[in-house]
Amino acid sequence: MDRPDPALRASVTMTAAGLAAAWLRGLGSRDVTAQRRLFVFPHAGAGASAYRLAAYLPDTVEVCTVQLPGRESRFAEPALTSLDEAVAALAPLIADHTDLPYAFFGHSMGSLIAFETARRLRALGTRMPDRLFLSGMRAPGLPDRDDPRHTLPDDELLATADFDGVDAELRELLLLPLLRADLTLCETYTPRAEAPLPCPLTVLAGSDDDSVDETELADWRRHTSADFQLHLFPGAPHLYVRGTERELAEMITRTFPARG
């Protein structure tokens, strides 16, 4: 049997590394000091740069923020409209980087992607996250509060979005299609019936988040067979993450301690 061409093997490895770098911003940034990893899953309409947790976490925690297609460095790629597609792409990449203990933090849409990615990793037989931090999103399976937005005409969808001060051309050509894609991903998601995850869950939200209430947050408890915690940031709105990175990082560090 012919042996694989070493050059071909190197090419495949480089391609896999490039794919991981595209999807997981910050991967390898703390190779020397990292003892744990935190994978961060942003909210709808956001890219990896919206989250600056790395600056407030110890250098023993490597922060890898998911960069979905259709935004920032990947704006030329079509945005995904299926949560299953996002998870199918992400899970194998994360599975290749579970050599260290790791956790997930997801906010809003990111909570759903983080949760389903953990489920997919279980199906793959991969080492599971030490903990899931799920933020600003009601538990899967609860009924939607409002009518779907992803099917609204452009002018009506724009009226629901906070694009104040954004250039009109940028808003219509880039941000609106991205928002519609992300809303489609969230609003067409139907969770499958599966056993609770073995990972502990910490569920987070701002106390003034009008998109979710404490009962809807507490319903996440049925999705874990392990420890469950619920934490509200006093007086904070839905997008509390922006501006409270230090407090959030401190809470994550206490719950997901770095060694050394």
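**Helix H3 and the loops before it**

Helix H3 covers residues 109-124, 16 residues in total. At 1.5 Å a residue it should span 22 Å, and its end C-alpha atoms are 23 Å apart, so expectation and model agree. The model is a predicted one.

How reliable is the chain as a whole? Its mean pLDDT is 88. Of its residues, 88% reach 70 or more. Residues 6-14 are another matter, with pLDDT below 50. Beyond near neighbours in sequence, that stretch has one contact in the model. Where pLDDT is low, the predicted coordinates should not be read in detail.

Back to H3. Is this helix enclosed or open? Of its 16 residues, 12 are buried, so the rest of the structure largely encloses H3. The buried set begins with Met109, Gly110, Ser111, Leu112, Ile113 and Ala114. It continues with Phe115, Glu116, Thr117, Ala118 and Arg119, and Leu121 completes it. Just after the helix comes Gly125, with a positive phi of about 75°.

Now step to the other end of H3. Ser108 sits in the loop that links strand E4 (102-107) to H3. Its relative accessible area is 12%; because under 20% counts as buried, Ser108 is buried. The phi of Ser108 is near 55°, a positive value in a residue that is not glycine. Most residues other than glycine have a negative phi.

The preceding loop runs between H2 and E4, and Thr98 is found there. Thr98 is buried too, with a relative accessible area of 11%. A polar atom of the Thr98 side chain lies 3.2 Å from the backbone oxygen of Ala95. Leaving out residues up to four places away in sequence, Thr98 touches Thr126 and Arg127.

One loop further back, strand E3 (61-66) is joined to helix H2 (83-95). Two glutamates in this loop deserve a look. Glu72 is one residue of the loop between E3 and H2. Its phi is near 45°, again positive in a residue other than glycine. Glu72 is partly exposed, at a relative accessible area of 31%.

Glu77 lies in that loop as well. What is its exposure? With a relative accessible area of 34%, Glu77 falls between the 20% and 50% limits, so it is partly exposed. Which residues does Glu77 contact, apart from neighbours within four places in sequence? They are Pro69 and Gly70.

Note on methods: Residues numbered from 1 in each chain as written. Predicted model: local features only at pLDDT ≥ 70, side-chain atom pairs only at ≥ 80, totals over all residues. Heavy atoms only, no water. Helix = DSSP H or I, 4+ residues; strand = E, 2+ residues; numbered from the N terminus. Buried < 20%, exposed > 50% of the residue type's maximum accessible area, 1.4 Å probe, protein only. Contact = heavy atoms within 4.5 Å. Expected span 1.5 Å × (residues − 1). pLDDT = per-residue confidence, 0-100. Polar contact = N/O pair within 3.5 Å; in protein donor to acceptor, adjacent residues only side chain to side chain.
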